[in-house]
Amino acid sequence: MDEKIKMAFSSVTKHVNITAFKKIAFPLVVLLIFVHLIQLYDAGGDTCARLLDGGTWLDEGVWQPSGCMLHKYKKNEAEKCLANRKVAFVGDSRQRELFYSFVNFVSAEKFEEIPKAHFDIPFKSGNLNVEFLWRPEPNASAIDLYNKWLKEDGKPLVVFQSAGVHTMKRTSGSPLGVEGFKSNLTKLQVNMDSLMQKGTKVYWILQDPVNENKLSNARSSITNDLISEYNAVAMQVFHAGGKIPVIRSLADLAGAKISESVDGLHLGKDITDIDVSILMNLLCNQMTHATDGTCCRKPDPLTVVQIIMAVLGFIFILLAVGIRIKHVGKPTPTNEDEVAKNKDSIHNMVAELTYAAAKMSLILFYFYICDRTDVFMKSNKHYTNTRFFLPLLYIVFLGIFGIDSTKQPGFLNRDQTDEWKGWMQLVILIYHVTGASVNIPIYMHVRLLVAMYLFMTGYGHFSYFWNKGDFGVHRVFGVMFRLNFLTVMLCLTMDRSYQFYYFVPMCSFWFLVLYLFMALWPRAYMVTSNKETTLGDGETKEVSFTSPVFLMCAKLSLLLFTIVLVFLSQELFESMFSWWPVIRLFELPHGMVREWWFRCHLDRFAMLHGAVFAFGYIILKRLSIVDDSRQGCLLSTKVSLIAVTASILCTLFYSVWALQCSDKQSCNEVHSFASLIPISAFILIRNIPGYLRAGYSSFFAWFGKISLELFIGQYHIWLAADTKGILVITSPQWPMLNLLVSTFVFVCVAHEISSLTGTFAKYLVGPAKTADTKTVCAKILVITAVLVSFMLISDLTNTSSRD
């Protein structure tokens, strides 16, 4: 029976695997792009409709437009945007309420409200010019106002108008009132269109619903059914003309909160402040170019570098298609020798590289579509405890179900480190997609995970250099290529600096630091400690193990001293990275390398911690104090029990400390030192008991193998707006479906990138056995020259565009 189950399982996994999923993902992505292009075309290519046509309440005080991201404007941003831009609010008391909220938001001065002000109210302060004009009905008075603006130079640049409830009240809800409203609005539209042609942007705001139970007797004729009828008339009139945009989202927003209204008609300040936020995104996103303000904002134009990348990608795709067509109909070689011969031929190498380049071009094109165009929608992140901890619980269960036995039960074996990277990466993904950085204890724990990654960088590379004694340039080239391939491609395609993808620069930087210190003469590594010296009488004598150990202790001490010295001064550190072309790698949009200082300073001891830990373990194993060759405990039973208990207490102590954190800055200062304790404790807990060391989660380990691609890829094809939002590739109305589909595509793409990176590395880096130092150096110089050329092109074109 067990044999049948195994055979059935094997049959399923043969067809249901990542290769099959990737074959599904490609046509799915093509279909989704096609559908969203049609939707964008129907909207006239304008994303403002996503802001104006509705949305949903995510939580108390959190409004999510239908398919785009709201930027939270600050007063200085608002003042800069609205400087010398006259804004007019035309309508009744509800428009006056919106006017007051707008003025008090954009101005540093407090503007006192005048209750029941049935007259015009101007506001001027510095370069700000906002006015309210009392026109409660779209009648002759409103037409005269537009005629006045058409004749004068002082017309506003933006007009927000709304009306309806006064007509309902005046006509006692009569059908004649609806007809009169439609007639007046049709006449007024002519003047509104004329003003639009003069350069003024005019918006009609639909009427908010009311709370009929709280309305006074004088307003009893105002009903929600009648409001819906008036709003339908307004949409009919303005959609027929096609020039005046209609704002529906404010009415939708008010619908869920009108029950909180005091008089049943007017909304509170909390709601009108959100209304103002929507209007600010409508007016200012295109001007401020805030990354997290995707509503009403056109994509940035293509840079010269991006055009070059697009042309190269197009060429590779054409070449791949040409090669594929050429091979159609050719018989597949059956002889093993012939297959091997074809595999090693230059022609097949070129074909494989071309296919890989074409696939990578399509993937980069997908990255660009997702996060540099309006094809797919974006939504804001919103943190709640449930949103973060529930998916965390799911992956814990999946990880437990994937527990398997490892074939290499050694200390921090490959399966275990893959598992470690995998579960950390999944936690980081959940952290980013839920916006959990606002929760300081969670933030501190995720900072710990980043330090763990750097710890593994130090541990793994130190172990390799010590055990192999391989300090050749090929090793450095191979590690740097695999680390940086995707990141460099994204820098060129997405027009972002190297430092923007901070994790890869940090891993690369600390790897190079460790390499330089270990490669500098005199070198110390395991091979030197095992050498035998021939004596005069033909006998051999083993070189003492202590000499390289003492030398390595001195080197690690020197590395610690250097790290402490360099990070004593922020100015010194920044000056090391402030010269061209290095500054082009590490600067962010404002031309500063301060973010690079923050990242490196935060985890400055993590890599060294990993190297020291690896060195300590090697010495203990050499002295036979620890033994990981057997299934039992790493140490004696008594010592193991004490070590594991102490490690658990240390881990709990760190978590309690993190829970007490209330300020990121002060806790980050402690983190550099505090993180050393829980990392060491976790490793001891995971490795001292033999039964824990002998098992691992294959589920987590699978993700660990593509953790780098997941970490970098999330920036643009899972998250959006450079990680500030969430990518919507299905529909904003079904967030759970969108999360499932986008995650499926994201993981498939990450796995394919990992495979393609291996293909490029196979040919561009080459195998270590046949590596020639001169050839490797030549490859490095060529790649460096190409990248420097791209930086020069970028700098020259940016300078000319500014001029």
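Ala, Val, Leu, Ile, Met, Phe, Trp, Tyr, Cys and Pro are counted here as nonpolar, Asp, Glu, Lys and Arg as charged, and the others, Gly among them, as polar. With these classes in hand, the lining of the largest cavity in this predicted model divides into 5 nonpolar, 4 polar and 4 charged residues.

That cavity encloses about 130 Å³ of space and is one of 3 cavities of 30 Å³ or more in the structure. Its lining comprises 13 residues, and those nearest the centre are Arg-94, Gln-95, Leu-98, Ile-205 and Asp-208. Two elements, helix 5 (93-106) and helix 11 (269-288), each give two or more residues to this lining; helix 5 supplies the largest share, with 4 residues.

The second largest cavity holds about 50 Å³. Around it stand Arg-482, Leu-483, Phe-485, Leu-486, Thr-487, Val-504, Leu-708, Glu-709, Ile-712 and Thr-757. Helix 18 (473-494) and helix 31 (707-717) are the elements that give two or more residues here, and the largest share, 5 residues, comes from helix 18. By class, this lining has 6 nonpolar, 2 polar and 2 charged residues.

Turning from the interior to the surface, a nonpolar patch of about 850 Å² is formed by Leu-390, Leu-393, Tyr-394, Val-396, Phe-397, Ile-400, Phe-401 and Ile-403. Helix 15 (residues 385-401) contributes the most to this patch, with 7 residues. Leu-393, a member of the patch, sits in helix 15. Its relative accessible area is 44%, so Leu-393 counts as partly exposed.

Key: Residues numbered from 1 in each chain as written. Predicted model: local features only at pLDDT ≥ 70, side-chain atom pairs only at ≥ 80, totals over all residues. Heavy atoms only, no water. Patch = residues over 30% accessible without salt bridge, like charges linked within 9 Å, V, L, I, M, F, W, Y side chains within 5 Å. Areas by Shrake-Rupley, 256 points an atom, 1.4 Å probe, with all protein chains shown as cover. Salt bridge = Lys/Arg side-chain N within 4 Å of Asp/Glu carboxyl O. Buried < 20%, exposed > 50% of the residue type's maximum accessible area, 1.4 Å probe, protein only. 1 Å grid on protein atoms, 1.4 Å probe; cavity = no way out; pocket = protein on both sides within 12 Å on 5 of 7 lines; lining within 4 Å. Points joined across faces, edges and corners; volume = space filled by probe spheres on them.
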